[in-house]
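Visitor: Got a minute to walk me through this one? I'd like to start with the strands.

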Amino acid sequence: MIEIRPLASLGGANHGWLDAKHHFSFASYRDDQRIHWGALRVWNDDTIAAGSGFPPHPHDNMEIITYVREGAITHQDSLGNKGRTVAGDVQVMSAGTGIQHAEYNAEQETTRIFQIWIIPQKRGGAPSWGTRAFPKGERAGSFVTLASGMEGDGDALPIRADARVVGATVKAGQTVEYPLGAGRRAYLVPATGRVEINGQAMDARDGAAIQDETLLRVTALEDAELVLVDSADL
């Protein structure tokens, strides 16, 4: 089963400095049919104006992955971490027992990110933050694991969840495949480009909610950048 969720059907709000689209219920957007997808709780598509951002605020018991699509995001938290993550790279914050953080677009250009929240396997634990570069060339024509809590994914940024975040860049006409285990759910969003997933067409920034499919075949109808979350079913 694959349910395509067009960009126009998503929730969201435009705050001026932030234009946010919500794939799942978030803040003032509520849709009882879109609370979560397995352990995937939030997928926000955020456009952040230059010189603006999210002031310090708290989180706990959530794995928060930021995928930078354009520009850069600057992170600062109550643990003393500070770092800048640029387009194509990923940062992970394990909120654990509690952390305060701020995320700013300190650039002179617009920044666009996917912010993904995944429910951890266990509550608690010491909070942490990390970032890593993932050159797009490494993702050309195949999915690469960016963040994971699954066995065998030691090269990825660690998360404390039964989930994996993967990315790929695909040229027009190319097909990439992803095997989905039994009882798993997946959620796919093309950051750019129009694609077909198992024969169903979707545009850039649409979402595809997937279950009961053993193999995902994504064909790029134009050059595309893909992000996919594979998560346990709750």
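Guide: Sure. Keep in mind that this is a predicted model. S7 and S10 run antiparallel, and four bridges join them.

Visitor: Which residue stands opposite Gln-76?

Guide: Ala-102 in S10. Another facing pair is Thr-74 and Tyr-104, the latter again in S10.

Visitor: And how many bridges does S7 make with S8?

Guide: Five, in the antiparallel sense. S7 covers residues 72–77 and S8 covers residues 82–86. His-75 stands opposite Gly-83 in S8.

Visitor: What sits between S7 and S8?

Guide: Four residues; the two strands form a hairpin. Gly-80 is in the turn, with a positive phi of about 95 degrees.

Visitor: Is S7 mostly covered or open?

Guide: Mostly covered. Five of its six residues are buried, each under 20% relative accessible area.

Visitor: OK, zoom out. What's the strand order in the sheet with S7?

Guide: S5-S10-S7-S8. It is an open sheet of four strands, paired antiparallel. S5 and S8 each have a single partner strand, so one side of each has no neighbour in the sheet. The twist averages 20 degrees from one strand to the next.

Visitor: What about the sheet with seven strands?

Guide: That one is open too, with antiparallel pairing. Its order is S2-S3-S4-S11-S6-S9-S12.

Visitor: Why do S2 and S12 each have a side without a neighbour?

Guide: Because they stand at the edges, each with a single partner strand. S12 is residues 128–132. Neighbouring strands in this sheet are turned by 15 degrees against each other on average, direction ignored.

Visitor: How many bridges join S6 to S11?

Guide: Seven. S6 spans residues 63–70, and the two strands run antiparallel. Ile-65 in that stretch stands opposite Ile-116 in S11.

Visitor: Switching topic: pockets. How much space lies in the largest one?

Guide: About 260 Å³. The lining has 20 residues, and the closest to the pocket centre are Leu-18, His-22, Phe-26, Asn-44 and Phe-54.

Visitor: Which elements give two or more residues to that lining?

Guide: Six strands are named here: S2 (11–14), S3 (18–22), S4 (40–48), S5 (52–59), S10 (99–105) and S11 (111–118). Some belong to the sheet of seven strands, including S2, S3 and S4. S5 and S10 belong to the sheet of four.

Visitor: And how does the lining divide by residue type?

Guide: Nine nonpolar, nine polar and two charged.

Note on methods: Residues numbered from 1 in each chain as written. Predicted model: local features only at pLDDT ≥ 70, side-chain atom pairs only at ≥ 80, totals over all residues. Heavy atoms only, no water. 1 Å grid on protein atoms, 1.4 Å probe; cavity = no way out; pocket = protein on both sides within 12 Å on 5 of 7 lines; lining within 4 Å. Points joined across faces, edges and corners; volume = space filled by probe spheres on them. Nonpolar A, V, L, I, M, F, W, Y, C, P; charged D, E, K, R; others polar. Buried < 20%, exposed > 50% of the residue type's maximum accessible area, 1.4 Å probe, protein only. Pairing = 2+ DSSP bridges. Axes fitted to C-alpha atoms, helices over the stretch in contact; angles between N-to-C directions.
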